[in-house]
Amino acid sequence: MFNTIVRMVHGKKETEVFDKFYKDRLSAYPKDEVKRIFYGHVTELMIRRSPDNMEVTFEEVASLTASDLGAVIDVPYAEVERSVLVDGDFVVSMEGAEDTLRYFKDKGYRVAVLSNSYFKAATLIGLLEKLGLYRYVDLLISSADIGYMKPRREAFDILAKRMGTMNGYVYFIGDDPVNDYHGSLSAGMKPIHIDLRGNPVQFSVSSISEIPDMFVD
């Protein structure tokens with residue numbers, strides 16, 4: 001999803017997310033201390049789960065951080081996630097993404113999003129709705145909900161199953177050569193790589209805007 005149909009305006013997503021979370025919920029505490037605790041939990045959980053490609057979620061990191069500080073977050077974490085990501089104004093659509101999504105929707109393709117994200121699907125849907133992109137999407141799956149991260153085979157299998165099809169009928173588009181291209185290829189899908197870093201693979205394009213030309217009758 002990120003760097004495929006949406007992108008960050010400034011800097012890294014993790015920095016923007018932390019700064020917004022701190023400002024909204026934990027600004028009564030020293031920022032350096034909150035940052036140390038927050039990223040300490042991120043690192044600890046990632047080390048524990050990375051061998052199995054299992055997701056670390058924003059909700060668990062944020063709740064552990066608040067607990068360590070003795071802070072009370074008295075709203076549902078769905079609201080916290082939305083305020084951090086959807087209301088943050090630091091994510092915009094990739095150039096050409098809406099036109100490409102509209103093309104496939106108009107052609108009768110079913111469109112799904114499979115995202116490695118520590119935000120849950122409801123939050124990502126809210127972001128795409130804000131950007132006017134979700135109208136073209138039939139299904140969105142986040143690793144925060146299913147646990148498995150790309151390139152785990154299970155993530156791609158869940159996508160195909162929920163779309164009501166078989167892996168071999170799925171064209172999978174993404175910017176990451178390992179997680180998206182080789183992951184979906186190993187799962188039996190048909191990958192298309194958007195090469196943003198000058199590392200092309202067999203089926204690479206330089207922009208999402210080029211992809212509809214590959215499907216012209």
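This passage describes two paired strands and two loop residues in a predicted model.

Strand E3 covers residues 112–115, and strand E4 covers residues 139–142. The two strands run parallel and are joined by four bridges. Within this pairing, Val 113 stands opposite Leu 140 of E4. Between the strands, the chain passes through helix H6, residues 121–130, and the resulting β-α-β crossover is right-handed. The side chains of E4 alternate in direction: Leu 139 and Ile 141 point one way, whereas Leu 140 and Ser 142 point the other way. All four of these residues are buried.

The loop that leads from E3 to H6 contains Ser 117. Ser 117 has a relative accessibility of 2% and therefore counts as buried, the cut-off being under 20%. Apart from neighbours within four places in sequence, Ser 117 is in contact with Glu 55, Leu 124, Ser 142, Ser 143 and Ala 144. One of these partners, Ser 142, belongs to strand E4.

A second loop residue, Ile 73, is found between helix H3 (58–69) and helix H4 (77–86). The relative accessible area of Ile 73 is 16%, so this residue is also buried by the cut-off of under 20%. When neighbours within four places in sequence are left aside, the contacts of Ile 73 are Phe 21, Arg 25, Ala 66 and Val 80. Among them, Ala 66 falls in H3 and Val 80 in H4. Ile 73 and Ala 112 are 39 residues apart along the chain, and their C-alpha atoms are separated by 33 Å.

Definitions and conventions:
Residues numbered from 1 in each chain as written. Predicted model: local features only at pLDDT ≥ 70, side-chain atom pairs only at ≥ 80, totals over all residues. Heavy atoms only, no water. Buried < 20%, exposed > 50% of the residue type's maximum accessible area, 1.4 Å probe, protein only. Pairing = 2+ DSSP bridges. Right-handed = clockwise from strand over helix to strand, strands pointing away. Contact = heavy atoms within 4.5 Å.
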